[in-house]
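Here is a short tour of one sheet and the charged side chains that go with it. Have the model open while you read.

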Amino acid sequence: MPIVIGVAILVGAVVFAVVLPERFGVMDRVTCAGIGVATAAFMHRYATIHARPDADGLWVRNLGPGEHVPWEDIVAVRFSQGMPWVRLDLADGTDLAVMAIQRADGPRSLEAAQQLADLVGR
């Protein structure tokens, strides 16, 4: 769904830039189209958030670059009340958000968090 919204915003921004009255200059039109491109790029990135387990660890891709976390580096999985998404406590004392499992997904998010905790506990 975020990709569809991003494409709609991109198309809308480009059409808006083309149909602007003549009193608006080239930079105004480029700015309108640029906002559409930036929004579409963000929505695409948001749509590709995921957490993928494999034999060696967990591949986590949030809005930034992806990161592979070995199973032995994951100390705990936290998803307590009020947390927007799962957080992994890592052996080096830091933590890592797993935006792919969001509280907004309701009961499904609790099941996914439990499955992840079960994988870590192996």
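## A word on exposure

Before looking at any side chain, one cut-off helps: a residue is buried under 20% relative accessible area, exposed over 50%, and partly exposed in between. Take Asp-95: its relative accessibility is 33%, so it counts as partly exposed. Keep in mind that this is a predicted model.

## The sheet

Let's start with the backbone. Three strands make up an open sheet, running in the order β4-β5-β6 with antiparallel pairing. β4 and β6 sit at the edges, each pairing on one side only. On average, neighbouring strands here are turned by 25 degrees against each other, if you ignore direction.

Strands of a sheet pair through backbone hydrogen bonds, and they can do so in a parallel or an antiparallel way. For β5 and β6 the sense is antiparallel, and the pairing runs over 5 bridges. If you want a spot to check by eye, look at Trp-85, which stands opposite Gln-102 in β6.

## Arg-78 and its two partners

Now for the side chains. Which residues does Arg-78 meet in salt bridges? One is Asp-89, with the closest N and O atoms 3.0 Å apart. Arg-78 belongs to strand β4 (residues 74-78) and Asp-89 to strand β5 (residues 85-90), so this pair ties together parts that are 11 residues apart in sequence.

The other is Asp-95, at 3.2 Å from N to O. Asp-95 lies in strand β6 (residues 95-102) while Arg-78 is in β4, so here the parts tied together are 17 residues apart in sequence. As for accessibility, Arg-78 comes out at 32%, which makes it partly exposed. Asp-89 is partly exposed too, with a relative accessible area of 22%.

## Closing the network

Asp-95 also forms a salt bridge with Arg-87, and there the closest N and O atoms are 2.8 Å apart. Is Arg-87 buried, exposed or partly exposed? Its relative accessibility is 24%, so it counts as partly exposed.

Put these contacts together and you get one network: Arg-78, Arg-87, Asp-89 and Asp-95 are joined by salt bridges that share partners. How many salt bridges does the model have by the rule used here? The count comes to 4, and among them are the Arg-78 to Asp-89 pair, the Arg-78 to Asp-95 pair and the Asp-95 to Arg-87 pair.

Definitions and conventions:
Residues are numbered from 1 along each chain as its sequence is written. This is a predicted model: local features need pLDDT of at least 70, side-chain atom pairs count only at pLDDT 80 or more; totals for chains, interfaces and linings use all residues. Side-chain values use heavy atoms; hydrogens and water are left out. A salt bridge is a side-chain nitrogen of Lys or Arg within 4 Å of a carboxyl oxygen of Asp or Glu. Helices (H or I, at least four residues) and strands (E, at least two) are DSSP runs, numbered from the N terminus. Buried means under 20% relative accessible area, exposed over 50%, partly exposed in between (1.4 Å probe, protein chains only). Two strands pair if DSSP finds at least two bridges between them. Axes are lines fitted to C-alpha atoms, for helices over the stretch in contact, and angles run from 0 to 180 degrees between N-to-C directions.
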